[in-house]
Amino acid sequence: MVILDGKKVSNDIKNEIAAEVKKMKAKGEKVPHLAAIIVGNDGASLTYVASKVKACERVGFESTMIRMSNTTSEIELLDKIDELNNNPDIDGFIIQLPLPKQIDTQKVLMAVDPDKDVDGFHPMNFGKMALDMSTFIPATPFGILELLDRYNVETKGKHTVVIGRSHIVGRPMSILMGRKGFPGNSTVTVTHSHTKNITQITSQADIIISALGVPNFLKAEMVKDDAVIIDVGITRVADENSPKGYVITGDVDFENVSKKASFITPVPGGVGPMTIAMLLKNTLLARELRH
Ligand SMILES: Nc1nc2c(c(=O)[nH]1)N[C@@H](CN(C=O)c1ccc(C(=O)N[C@@H](CCC(=O)O)C(=O)O)cc1)CN2
């Protein structure tokens, strides 16, 4: 069994990006600038945005974090997005999800200039992705593709089962795994909360990508021997013995599933760090497309 080490690969990618930025600086070019809007005080979201800012510093990007209160109205957020769309200094920006209830997420994501949409969530970019056109691929699915690529995991002709159909991971992942090329050329089944007899489906899968957010959902008996297991779950489970008061838990019962898997991502240290690295890659692309 091989561990798909997202921490290591994401560090490699950051080093590669830092080398690109060094070249830009040597040529006197402006370095990429990422902005992130965070609305509210959700602890996990604040951690992720702080990691994005830190990653920008590490590779030499400029970054701007914009904090807005939990009671921010949709109009106020749309005004901020308009400001960033029109700010020539910003190459790309993201709105950290989830958003508070009073805000229509889809409406907000549609307001982002597609050329600055480094999350790849705008319908224009999502459509381009589905049509095999060059665009920003959402960071988590992009990170999974990169991990499969760097570890040379065969996907052609394989049966991939995606668990979950979220707009951020499950839906784009199912499209990308079925695309022509590598990684891709896979036969994809998407499962979700209304899927009946899920074990019958997962136990036939060569590759399982679980993005459900239910800790330890995927058990060893649901997986066939030598399957490739990608765990996108990152649930904070209360644990009084841990210094933070919680432990990050994936969708996969790692201890038992890893005994059957050929490749598997750990949690933490698998898909999560890749998400941040691929956001940096998208920001570099945005910078290149704009200049
Ligand atoms: N606008 C966006 N919102 C959200 C996205 C996104 O891609 N764009 N994805 C997730 C959260 N996310 C990035 O934003 C993210 C999640 C997890 C990690 C990560 O590195 N996880 C670590 C554990 C970190 C911890 O201690 O909590 C790991 O798995 O090793 C990075 C980014 C939802 N929102």
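## Glycine 164 and its loop

Let's start with glycine 164, which is buried: its relative accessible area is 7%, and the cut-off for that label is under 20%. Keep in mind that this is a predicted model. Glycine 164 sits in the loop that runs between strand E5 (159–163) and helix H7 (170–178).

Histidine 167 is found in the loop between E5 and H7 too. With a relative accessible area of 49%, histidine 167 counts as partly exposed, because exposed would take a value over 50%. As for what lies across from it, histidine 167 and phenylalanine 121 are 46 residues apart in sequence, and their C-alpha atoms are 7.8 Å apart in space.

## What UniProt says

An unreviewed UniProt entry lists Gly164, Arg165, Ser166 and Ile234 under "binding site". UniProt, again in an unreviewed entry, also lists residues 138–288 as "domain: Tetrahydrofolate dehydrogenase/cyclohydrolase NAD(P)-binding".

In the model, that 138–288 span is 32% helix and 19% strand. The C-alpha atoms at its two ends lie 18 Å apart.

## Around the ligand

Now for the ligand. There are 16 residues around it, and Lys52, Ile95, Leu97, Asp119 and Gly269 come nearest. Sorted by type, the shell has 9 nonpolar residues, 4 polar ones and 3 charged ones.

Where does the ligand lie relative to domain 1 (28–114) and domain 2 (139–272)? It lies between them, because both domains give residues to the shell.

## Polar contacts and cover

Two of the residues that come nearest, Asp119 and Gly269, also turn up in polar contacts. The side chain of aspartate 119 has an N or O atom 2.6 Å from a nitrogen atom of the ligand. For glycine 269 the contact runs through the backbone, where an N or O atom lies 2.6 Å from an oxygen atom of the ligand. Then there's glutamine 96, with a side-chain N or O atom 3.0 Å from a ligand oxygen.

How much of the ligand's accessible area does the protein cover? On its own the ligand has 680 Å² of accessible area, and the protein covers 85% of that. Helix H2 (43–59) and helix H10 (271–290) are the elements that give two or more residues to the shell. H10 provides the largest share, with 4 residues.

Notes:
Residues numbered from 1 in each chain as written. Predicted model: local features only at pLDDT ≥ 70, side-chain atom pairs only at ≥ 80, totals over all residues. Heavy atoms only, no water. Near = heavy atom within 4 Å. Polar contact = N/O pair within 3.5 Å; in protein donor to acceptor, adjacent residues only side chain to side chain. Areas by Shrake-Rupley, 256 points an atom, 1.4 Å probe, with all protein chains shown as cover. Nonpolar A, V, L, I, M, F, W, Y, C, P; charged D, E, K, R; others polar. Domains from an automatic or database assignment. UniProt positions renumbered as here; feature names shortened; annotations may be inferred. Buried < 20%, exposed > 50% of the residue type's maximum accessible area, 1.4 Å probe, protein only.
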